[in-house]
Amino acid sequence: MNESRPASMSAFWMPFTNNRDFKASPRLLVSAEGMYYRDVDGNRVLDGTAGLWCVPCGHAQPRITQRVSEMVGQLDFAPTFQMGHPAAFDLAEQLMEYTGHKFGHVFYTNSGSEAVDTALKIALAYHRARGEGSRTRLIGRERGYHGVGFGGLSVGGIGNNRKSFGPLLPGVDHLPHTHNLEKNAFSRGEPDFGAELADELERLVALHDASTIAAVIIEPVSGSTGVLVPPKGYLKRLREICDRHGILLIFDEVITGFGRLCTPFASDYFGVEPDMMTTAKGLTNGVVPMGAVFSRRFIHDAFMQAPPGIELFHGYTYSGHPLACAAGLATLEVLREQGIVENAAAQQAYFEDALHALRGLPHVIDLRSIGLVAGIELAPIPGKPGARAFSAFKKAFADGILIRVTGDIIALSPPLILDKQHIDELFGKLANVLQHLD
Ligand SMILES: Cc1ncc(COP(=O)(O)O)c(C=O)c1O
């Protein structure tokens, strides 16, 4: 294993990174196990973010790494266009079982972004297959994050992600976000205010006519924009409006899937069933890149009415890659056999209490939480948005905890294998960071 510093950092154009700042003072991770990373200087760093929301079962999980190693020796690659391999089918069946058979089919991608673009394309093609080709409009939400493909960017609602890349897809509209500090600050779980914001969909239907609208896509809990928990009743209301107008509802569960809310999926937590669900990250415990679109049977059925031939002209070279399938199958086994989601549920109240104990610390203007996700919103430094949280991120890393920041919001989403000592360490160190922030 190479634990030394790279000879040069110039060539790697890092994603979503302040490249110049990073390269001037890099943070290099060289190994990981369980709840901890180790950095290039040998320091242990508690993982408060499950990497990038993607390691529910903890790092270097032995069963997952072993299955992936076995598969790479057995079947390094196999195409899934007009071909197949058993693990891809086995994983699909197991995933359906994991959702309680609420979905009938799964389409593999390699990332969350690809899953989102795939789901949007399936929505358009589904309506066309049923003779409703006028349904082309897609509706996302302000502050939504759906990855970085042109489809996901177009329905996404984060200004900085969008502004340099237009024109984006035409015929896209956005619902308002639900964040309301005045009324909902310091909520635990779903905030009380804002269910009626779902009615904005009725306004868009009145404006455009339902016959032009294909799908609504939202994150049940917005993650990347800073942990925005849906108001009580909001998602149910959105579901009802979609049903009333024949609009497909897509939940982007790339971060909420696989236990983050202490239920297998956010749809289980909220008791609201989408027509499609996009996933990635925890699907393989982050070990091999993979995304997946779960679709209810009626959507797939519509494609199977076509004359014999390829039913959906879409797919990726690496859709259903053998290593990803091996990782996915092992992840499901570990989730089930080791009670990972049950452990998350058992730790949830302690985690939430530890979060809310930060109330009153300097600059903290909101604390919000659901499942094992926490958002800590800081007052921005006037004229320097994001600077305060970024400084918290750097101080936290130096103190041995990995947190994630977006704007002036700190997001926490630790691996689901954590125990009370990890929670004490995470929030203890974070409190210290907050106390010493400018
Ligand atoms: C809700 C959501 N959708 C899509 C994505 C994009 O996933 P990826 O980075 O794997 O393309 C993310 C990534 O964080 C996400 O949080």
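The legends below accompany close-up views of a predicted model.

**Figure 1. Overall view of the predicted chain, with its 16 helices and 15 strands.** The radius of gyration of the chain is 21 Å, close to the 22 Å that the globule rule gives for 438 residues, and the chain is therefore as compact as a globular protein of that length. Taken along the principal axes, the box filled by the C-alpha atoms is roughly 65 × 55 × 45 Å. Of the 438 residues, 48% count as buried, and among the contacts with a separation of 6 or more, 73% are made by residues 24 or more positions apart.

**Figure 2. Helix 10 (residues 234-245) and the elements that its buried residues pack against.** Helix 10 has 12 residues and reaches 17 Å from its first C-alpha to its last, which is close to the 16 Å expected at 1.5 Å a residue. Its buried residues are Tyr 234, Leu 235, Leu 238, Arg 239, Ile 241 and Cys 242. They cover an arc of only 165 degrees around the axis, so that they lie on the same side of helix 10. An α-helix has 3.6 residues a turn, so residues three or four places apart point the same way. The buried residues of helix 10 pack against helix 9 (200-208) and helix 11 (266-270), and also against strand 7 (213-218) and strand 8 (248-252). On the other side of helix 10, Asp 243 and Arg 244 are exposed. The helix is followed by Gly 246, whose phi is positive, near 65 degrees.

**Figure 3. Helix 4 (residues 86-98), with its buried and exposed residues.** At 1.5 Å a residue, the 13 residues of helix 4 should span 18 Å, and the end C-alpha atoms are indeed 18 Å apart, in agreement with that expectation. Ala 87, Ala 88, Leu 91, Ala 92 and Leu 95 are the buried residues of this helix. Because they cover an arc of only 135 degrees around the axis, they fall on the same side of helix 4. The elements against which the buried residues of helix 4 pack are strand 4 (105-109), strand 10 (291-295) and helix 13 (322-337). Pro 86, Glu 93 and Glu 97 are exposed on the other side of helix 4. Just after helix 4, Gly 100 takes a positive phi of about 70 degrees.

**Figure 4. The shell of 14 residues around the ligand.** Ser 111, Gly 112, Ser 113, Gly 147 and Val 254 come nearest to the ligand among these 14 residues. With 3 residues, helix 5 (residues 112-129) gives the most to the shell. By residue class, the shell around the ligand divides into 5 nonpolar, 7 polar and 2 charged residues.

**Figure 5. Phe 150 in helix 6 (residues 150-155), and the residues with which Phe 150 is in contact.** Phe 150 has 13 other C-beta atoms within 10 Å and is therefore partly exposed, as a residue must have 20 or more to be buried and 12 or fewer to be exposed. When its neighbours within four places in sequence are left aside, Phe 150 is in contact with Leu 168 and Leu 169. Phe 150 and Glu 333, which are 183 residues apart in sequence, are 34 Å apart in space, C-alpha to C-alpha.

**Figure 6. The cis peptide bond between Gly 166 and Pro 167.** The omega angle of the bond that joins Gly 166 and Pro 167 is about 0 degrees. Pro 167 is found in the loop between helix 7 (159-162) and strand 6 (172-175).

**Figure 7. Phe 258 and Cys 262 in the loop between strand 8 and helix 11.** Phe 258 is not a glycine, although its phi is positive, at about 65 degrees. With 27 C-beta neighbours inside 10 Å, Phe 258 counts as buried, because the cut-off is 20 or more. Cys 262, which is likewise not a glycine, has a positive phi of about 70 degrees. Cys 262 is also buried, with 21 other C-beta atoms within 10 Å.

Definitions and conventions: Residues are numbered from 1 along each chain as its sequence is written. This is a predicted model: local features need pLDDT of at least 70, side-chain atom pairs count only at pLDDT 80 or more; totals for chains, interfaces and linings use all residues. Helices (H or I, at least four residues) and strands (E, at least two) are DSSP runs, numbered from the N terminus. The radius of gyration is taken over C-alpha atoms; the globule rule is 2.2 Å times the number of residues to the power 0.38. Two residues are in contact if their C-beta atoms, placed from the backbone, lie within 7 Å. The expected span of a helix is 1.5 Å times one less than its number of residues. The arc is that of the directions from the helix axis to the C-beta atoms. A residue is near a molecule or strand if its C-beta atom, placed from the backbone, lies within 6 Å of it. Ala, Val, Leu, Ile, Met, Phe, Trp, Tyr, Cys and Pro count as nonpolar, Asp, Glu, Lys and Arg as charged, and the others, Gly among them, as polar.
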